[in-house]
Amino acid sequence: IIRNTGRPMTEGANMSVHPLRAEDCMLMVVDIQQKLFAAMEEGFRDTFLKNARILIQAAQGLDLPVVVTEQYSKGLGSTIDEVASVLEGVPRHEKLFFSCYRDRAIQAAVDGLSRKTVLILGIETHVCVFQTVLDLLMAGYRVVLADDAVCSRRAHDRQTALAELGRAGALIYSTEMIAFVLLEKAGTQEFRKLSPLFR
C-alpha cells in the first residue's frame, strides 16, 4: 500500500520498498509464549529474544501501536516474562486460528488502527507468523518481517518461511534495519532514547 506523497517516483523504482514512516506503522507481537518459546531452535533463541525486546522497545519509543497475540494460552502458557516485562499495559488477544488476522477481534484491532504497514515479530515463523503475513498481504497491508526476531523449532522451517514470504511480497528486514529506518536521523530525542538498545 503506497501513500501518495506528491513526489514523483524514479522510473523503475520499486514502490513496495519505499522508506517506512513511523506514523504509518504498527507492531504485531505473535505468540511469544512459555511452552512455544521453550521449544524454539536452541542456537537462535537468545538472538531472537534480544531482537524481539529491542523491536518492541523501539516501537514504543516511537509511539507505534502494539498488538500482542497468544495462541491457546491455556495449553501453551502466557507471554514469557522477558517479553511481558516490556509490554506492560498492552492487552493480549487470545486466538485459536493460526493466522492472527482470521480472529475477528484481532482483525478489528488491526483495522481499527488505520495504519497500513504492519511490522511483525514472533513465533513460529512457518506457522502463525507465516499465515498471518499472507492474510495481511491479501488484505492490502504492507508487511515488514524482522528476520532476526522470528523463530521456529527448526532453522530450516524458519528459513523456508522467510524465503516464501519474501516471494509473496513481504519485506524482510533485520531488527536494526527497521529501527534505524524508522528513526530516520541521529540527534533527535527518539534517537538519544533508543540508541542504547543497539550497543
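Which residue's side chain meets that of Arg21 in a salt bridge? The partner is Glu184, and the N to O distance is 3.7 Å. This report describes that pair, two further salt bridges and the nonpolar cores of what is a predicted model.

**Salt bridges**

Side chains of opposite charge can pair when their charged atoms come close. In this structure there are eight salt bridges. The bridge between Glu184 and Arg21 ties together parts that are 163 residues apart in sequence, because Glu184 lies in the loop between α8 (175–183) and α9 (189–194), whereas Arg21 belongs to the segment before β1 (25–30). Glu184 counts as exposed, at 53% relative accessibility, while Arg21 is partly exposed, with a relative accessible area of 25%.

A second pair consists of Arg102 and Asp135. Here too distant parts of the chain are linked: Arg102 sits in the loop between β3 (92–95) and α5 (104–112), and Asp135 in helix α6 (residues 125–138), 33 residues apart. Asp135 is buried, its relative accessible area being 14%.

The pair of Arg167 and Glu164 lies within one helix, α7 (residues 155–168). The two residues are three apart in sequence, so about one helical turn separates them. Arg167 is exposed, with a relative accessible area of 69%; Glu164 counts as partly exposed, at 37%.

The distances of these pairs are set out below.

| Salt bridge | Closest N and O atoms |
|---|---|
| Glu184 and Arg21 | 3.7 Å |
| Arg102 and Asp135 | 2.6 Å |
| Arg167 and Glu164 | 3.5 Å |

**Nonpolar cores**

In soluble globular proteins, nonpolar side chains tend to be buried together. The largest nonpolar core of this model has 42 residues, of which Leu27, Leu119, Leu121, Ile178 and Leu182 touch the most other members. Helices and strands both contribute: at least two residues each come from β1, α1 (34–38), α2 (42–61), β2 (66–71), β4 (117–123), β5 (142–151), β6 (171–173) and α8. The largest share, nine residues, is supplied by α2.

Leu27 illustrates these contacts. Leaving aside residues up to four places away in sequence, Leu27 touches Leu55, Ile56, Ala59, Pro65, Val66, Val67, Leu119, Ile120 and Leu121. Another core, of 22 residues, lies apart from the largest one, and its members include Val67, Ile120, Val129 and Val143. Two of the residues that Leu27 touches, Val67 and Ile120, are thus listed among the members of that other core.

Note on methods: Residues are numbered from 1 along each chain as its sequence is written. This is a predicted model: local features need pLDDT of at least 70, side-chain atom pairs count only at pLDDT 80 or more; totals for chains, interfaces and linings use all residues. Side-chain values use heavy atoms; hydrogens and water are left out. A salt bridge is a side-chain nitrogen of Lys or Arg within 4 Å of a carboxyl oxygen of Asp or Glu. Helices (H or I, at least four residues) and strands (E, at least two) are DSSP runs, numbered from the N terminus. Buried means under 20% relative accessible area, exposed over 50%, partly exposed in between (1.4 Å probe, protein chains only). A nonpolar core is a set of buried Ala, Val, Leu, Ile, Met, Phe, Trp, Tyr and Cys residues joined through side-chain atoms within 4.5 Å. Contact means heavy atoms within 4.5 Å.
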